[in-house]
Amino acid sequence: MTTRRNFLTGAVARESDAAPAEAPTPSLRRPADGHTPRWAMVMDLRKCIGCQACTVACAMENTVHEGSYRTHVPVYEIESEFGPVPAMLPRMCNHCENPPCIPACPVKATYQTNDGIVLVDQDACVGCGYCVQACPYEARHLDHESGTADKCTFCVHRLDAGLLPACVETCVGGARVFGDLRDPESAVSRLLAEHDTRHLKPEAGTRPQVYYIGLDDRLVSEVEIEEGARALRRTAGPAPDTAPDTKHHEEA
Amino acid sequence: MTGIDLISVDQAFAWRPWAVAYFLVIGAAVAAALAEEALRLLRGPAAARPALRVAAVLALSAPLPLLADLHQPARFLNFYLGAAPRSVMWWGAWLLPAFVATTLMATVADTLGRWAGPARLLRLGMAASGLGVLAYTAGETAIVAARPLWHNAGFPVVLTLTALASGVGAVLIAGAADRAAARLLRMALAGSAGAGLVALGLWLLADPDMARLALSEMPVAVLGHVAGLGLALPALLALFGRGAVSARLAGAAAVWGALAFRWALFTGAQAQSRVETASYLPPALTDPATLQSVTGTAGMIALAAVLVAVLDLYLAPALRRGPQAGPRAGKA
């Protein structure tokens with residue numbers, strides 16, 4: 001099952017059926033039957049290989065600046081009955097049903113659309129960082145260049161153009177599945193119906209709309225880790241690609 | 001233990017050292033303003049005057065570190081272009097200018113020795129908005145459920161008590177008007193610092209989870225530093241010390257303790273990952289961002305002190321003489 005293709009095929013077909021005489025509207029955010037979607041994503045961890053293609057695609061699509069991420073895939077080495085195995089955990093904004101970042105914002109720059117997408121008005125944001133503090137998933141950051149809060153938008157500009165989010169589109173293994181929870185025939189609805197899914201930090205009470213298939217118990221909440229890559233980075237100093245002389249060379 | 005991180009990222013601190021400076025200065029400003037009200041009530045306007053000057057200097061300085069911590073400071077007017085009553089920070093955006101404005105106007109009225117009725121109302125506004133500022137600064141951090149070190153009953157109490165101690169300490173550093181006022185300020189300092197020490201102990205030791213959390217996010221040395229040098233020492237000096245030097249030492253220790261507490265709690269909480277049992281590197285004391293905030297805030301306090309001194313020593317006497325000189329000149 002290639003879910004992103006099914007998703008697009010279904011969407012185009014429904015729009016064509018509803019209005020055959022008119023040019024179909026390309027936006028995925030206005031379904032032909034007029035209902036308001038509720039967008040969600042399912043991470044099928046059985047298929048994630050931790051290739052970071054989604055991380056790179058997101059950064060390229062959204063011009064995410066160096067050192068910041070709207071999505072990334074932490075990889076852990078955890079113990080299993082077969083010995084140490086890698087465990088991937090794609091992270092991004094959960095577009096929560098009860099997002100703590102929205103009431104925190106003092107200028108109402110953070111808001112939620114009718115279809116559930118949590119967005120930041122980049123023209124209104126004052127860069128106070130309060131929403132960054134409020135997010136229990138570390139899904140937000142302050143962009144160093146714009147000075148405003150930045151996060152995953154579910155690639156809302158692509159949805160408006162009839163395209164899937166860049167991370168979903170690029171996922172080689174089809175681990176990221178995106179769709180409308182209010183459409184029972186959507187790929188995400190079917191996956192949620194067929195599988196035991198979980199979401200991150202249920203104790204936070206935020207009702208995330210990013211679901212995981214095959215999520216290990218040990219990764220649901222705060223992941224207990226010992227010193228690994230982070231500790232190595234600290235002892236090794238800055239990476240060569242962030243060294244000042246390299247930057248100078250690139251600029252030149 | 002679950003495992004190790006093979007691929008991980010670090011999150012940058014959203015609140016920089018400027019935030020630590022802001023929380024220190026505004027807390028001390030409010031405490032100095034409250035001390036002014038208490039001294040005026042107990043000992044009269046002359047005894048309260050130094051506290052009001054200190055409150056004015058600190059209130060004038062506080063907006064700078066706050067604006068500097070905004071990553072888009074030029075957009076600060078956005079706070080006032082719409083209502084966001086669910087955000088504690090939005091309430092603070094109104095309370096802060098109200099406190100700064102009433103404090104400065106009360107200072108001008110006191111310096112000129114005029115407008116007794118409006119001045120009383122201004123001081124009332126200063127005290128009310130000041131209490132609001134204390135409530136919002138404690139509340140905006142305490143409601144952040146994603147930060148367990150802030151999101152508890154003990155943190156806002158200790159934050160407020162250290163703010164009170166630092167403000168009274170700042171007044172003692174500037175110098176009390178007389179011995180009776182100094183004695184009252186020392187009692188206030190001993191009470192707030194002592195209560196802060198007890199609250200800190202209860203907060204961290206009564207709940208084993210909180211103690212574990214605090215020790216995981218802050219080194220024992222830092223906590224000991226806050227408790228010993230920042231709270232116990234000023235309380236003891238205020239209680240048993242004699243003379244202006246020990247009063248100033250007690251005041252300086254209280255200010256240092258409030259600064260150390262804010263530094264430890266703000267950097268400690270932000271250094272702790274919310275998704276992993278890992279910590280990010282906090283800013284060092286010698287980082288450019290830290291030095292910038294220290295020099296910027298200190299410079300602003302110095303500038304504000306000069307402005308208040310100019311008002312007090314040169315402008316006010318000239319303005320006071322102005323209206324009286326007029327009629328006398330006419331008679332001549």
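Two strands count as paired if DSSP finds at least two bridges between them. Keep that rule in mind for the first stop in this predicted model.

**Stop 1: a hairpin in chain A**

Select residues 75–80 of chain A, strand β2, together with residues 83–88, strand β3. The two strands run antiparallel and are paired over six bridges. Two residues separate β2(A) from β3(A), and the strands form a hairpin. To check the register, pick Val75(A) and look across to β3(A), where Met88(A) stands opposite.

**Stop 2: the nonpolar cores**

Move to chain B and select Phe99(B), Leu149(B), Trp150(B), Trp203(B), Phe261(B), Leu265(B) and Phe266(B). These residues touch the most other members of the largest nonpolar core, which has 96 residues. Now add helix α1 of chain B, residues 17–43, which supplies the largest share of this core with 13 residues.

Centre the view on Leu265(B). Leaving aside residues up to four places away in sequence, Leu265(B) touches Leu149(B), Trp150(B), Phe155(B), Trp203(B) and Met218(B).

A second core, separate from the one just shown, has 41 residues; among them are Leu28(A), Met43(A), Leu89(A) and Leu164(A).

**Stop 3: a salt bridge between chains**

Over all chains there are 21 salt bridges. Begin with Arg233(A) and Asp10(B), whose side chains meet at 3.2 Å, N to O. This pair crosses between chains: Arg233(A) sits in helix α8 of chain A (residues 229–236), and Asp10(B) in the loop between β1 (3–7) and α1 of chain B. Arg233(A) is partly exposed because its relative accessibility is 33%, between the limits of 20% and 50%. Asp10(B), at 34%, is also partly exposed.

**Stop 4: salt bridges within helices of chain B**

Return to helix α1 of chain B and select Glu36(B) and Arg40(B), which lie four residues apart, about one turn of the helix. Their side chains form a salt bridge of 2.8 Å, N to O. Are these two residues buried or exposed? Both Glu36(B) and Arg40(B) are buried.

Extend the selection to Arg49(B), Arg53(B), Asp110(B) and Asp312(B), which are linked with Glu36(B) and Arg40(B) in a network of salt bridges.

Finish at helix α8 of chain B, residues 208–217, with Asp209(B) and Arg212(B) three residues apart, about one turn of the helix. The side chains of this pair meet in a salt bridge of 2.4 Å, N to O. Arg212(B) is exposed, with a relative accessible area of 54%, whereas Asp209(B), at 48%, is partly exposed.

Notes: Residues are numbered from 1 along each chain as its sequence is written. Chains are lettered from A and ligands numbered from 1 in the order in which they are written. This is a predicted model: local features need pLDDT of at least 70, side-chain atom pairs count only at pLDDT 80 or more; totals for chains, interfaces and linings use all residues. Side-chain values use heavy atoms; hydrogens and water are left out. A nonpolar core is a set of buried Ala, Val, Leu, Ile, Met, Phe, Trp, Tyr and Cys residues joined through side-chain atoms within 4.5 Å. Buried means under 20% relative accessible area, exposed over 50%, partly exposed in between (1.4 Å probe, protein chains only). Contact means heavy atoms within 4.5 Å. A salt bridge is a side-chain nitrogen of Lys or Arg within 4 Å of a carboxyl oxygen of Asp or Glu.
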